[in-house]
Amino acid sequence: MRFFRPVPRISLAAPEHSAELAGVLRAAWEPHRAQVGDALWEDLVPDPSEVDAWFRGGFEVYRALHDGHTVGTVRVAFPTGACVVDRLAVHPAHRQRGFGEYIAEHAVGRARRAGAGRVWARVPHGLLEGQRLFRKLGFSEVGIQDGLLRPWRVVLLDRAL
């Protein structure tokens, strides 16, 4: 039985972290490439310039640090009184330590502090472990989003606060 889990330090990222976060996202999604398909893979693995654009586009991007290493990231946005959580990723070298759950809990806490009434999570359709993570935190599946320009699918999950 584990009484203590390692706890990453989560902080608001800045544009100077764009390349580092893009690297974490690429490493995190690489093992799942076959599960998500080529079209969604291109969407999930941004280059540093796209991550940099998130900071100018109204997103809050968080990075999780543990023992001096960036172990994960998550992106949140606040459209119309709700919070959208996506791009949650944990570097493969740091998985199975509870970091994904801790990062997701942080995003839900951020939504609560912002006064959002609901939190929506977007998880790739083929990524069952990501869907299980959000269900464990009280989310329910509410639909499937299909790509408009490219063929991909994302599961939409919802939780009231």
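Colleague: In which helix is the place of R135?
Modeller: The model is predicted, so local features need pLDDT of at least 70 and side-chain atom pairs count only at pLDDT 80 or more, while totals for chains, interfaces and linings use all residues. Numbering runs from 1 along each chain as its sequence is written, and side-chain values use heavy atoms, without hydrogens or water. Helices (H or I, at least four residues) and strands (E, at least two) are DSSP runs, numbered from the N terminus. On that basis, R135 sits in α5.

Colleague: Which residues is R135 in contact with, leaving aside neighbours within four places in sequence?
Modeller: Contact means heavy atoms within 4.5 Å. R135 is partly exposed, at 36% relative accessible area; the classes are buried under 20%, exposed over 50% and partly exposed in between (1.4 Å probe, protein chains only). Its contacts are E141 and L157.

Colleague: R26 lies in helix α1. Which residues does R26 touch, not counting those up to four places away in sequence?
Modeller: R26 has 42% relative accessibility, so this residue counts as partly exposed. The residues R26 touches are W41 and V45.

Colleague: Which residues of α2 are buried?
Modeller: Helix α2 covers residues 33–44. Its buried residues pack against α1, β4, β5 and β7 (153–160). They are V36, A39, L40, W41 and L44.

Colleague: What does α2 span between its end C-alpha atoms?
Modeller: The expected span of a helix is 1.5 Å times one less than its number of residues. A straight helix of 12 residues would reach 16 Å. Helix α2 spans only 10 Å.

Colleague: Which residues touch the most other members of the largest nonpolar core?
Modeller: A nonpolar core is a set of buried Ala, Val, Leu, Ile, Met, Phe, Trp, Tyr and Cys residues joined through side-chain atoms within 4.5 Å. The largest one holds 46 residues. The members that touch the most others are W29, V85, F134 and F139.

Colleague: And which helix gives the most to this core?
Modeller: In soluble globular proteins, nonpolar side chains tend to be buried together. Here, one helix contributes six residues, the most to this core. That helix, residues 99–114, is α4.

Colleague: How far apart in space are A121 and F134, C-alpha to C-alpha?
Modeller: A121 lies in strand β5 and is buried, with a relative accessible area of 0%. Beyond four places in sequence, A121 is in contact with V85, F134, F139, V155, L156 and L157. F134 in turn touches V85, L88, A104, A121, V123, F139 and L157, on that sequence cut-off. A121 and F134 are 13 residues apart in sequence, and in space 7.6 Å.

Colleague: What is the volume of the largest pocket?
Modeller: On a 1 Å grid over the protein atoms alone, a pocket is an open set of points where a 1.4 Å probe fits, with protein on both sides within 12 Å along at least five of seven lines; lining residues have an atom within 4 Å of a point. Points are joined across faces, edges and corners, and the volume is the space filled by probe spheres set on them. It comes to about 650 Å³.

Colleague: Which lining residues are closest to the centre of the largest pocket?
Modeller: The lining has 30 residues. They divide into 15 nonpolar (Ala, Val, Leu, Ile, Met, Phe, Trp, Tyr, Cys and Pro), nine charged (Asp, Glu, Lys and Arg) and six polar (the others, Gly among them). Closest to the centre are L88, G100, E129, G130 and L133.

Colleague: Which element gives the most to that lining?
Modeller: Elements that give two or more residues are α1, α2, β4, α4, β5 and α5. The most from one element is six residues. They come from β4.

Colleague: What is phi of Q96?
Modeller: Most residues other than glycine have a negative phi. Q96 has a positive one. It sits in the loop between β4 and α4 and is exposed, at 73% relative accessibility. Its phi is near 65°.

Colleague: Where is the place of D67?
Modeller: D67 has a positive phi of about 50° although it is not a glycine. D67 is exposed, with a relative accessible area of 65%. Its place is the loop between β2 (60–66) and β3 (69–77).
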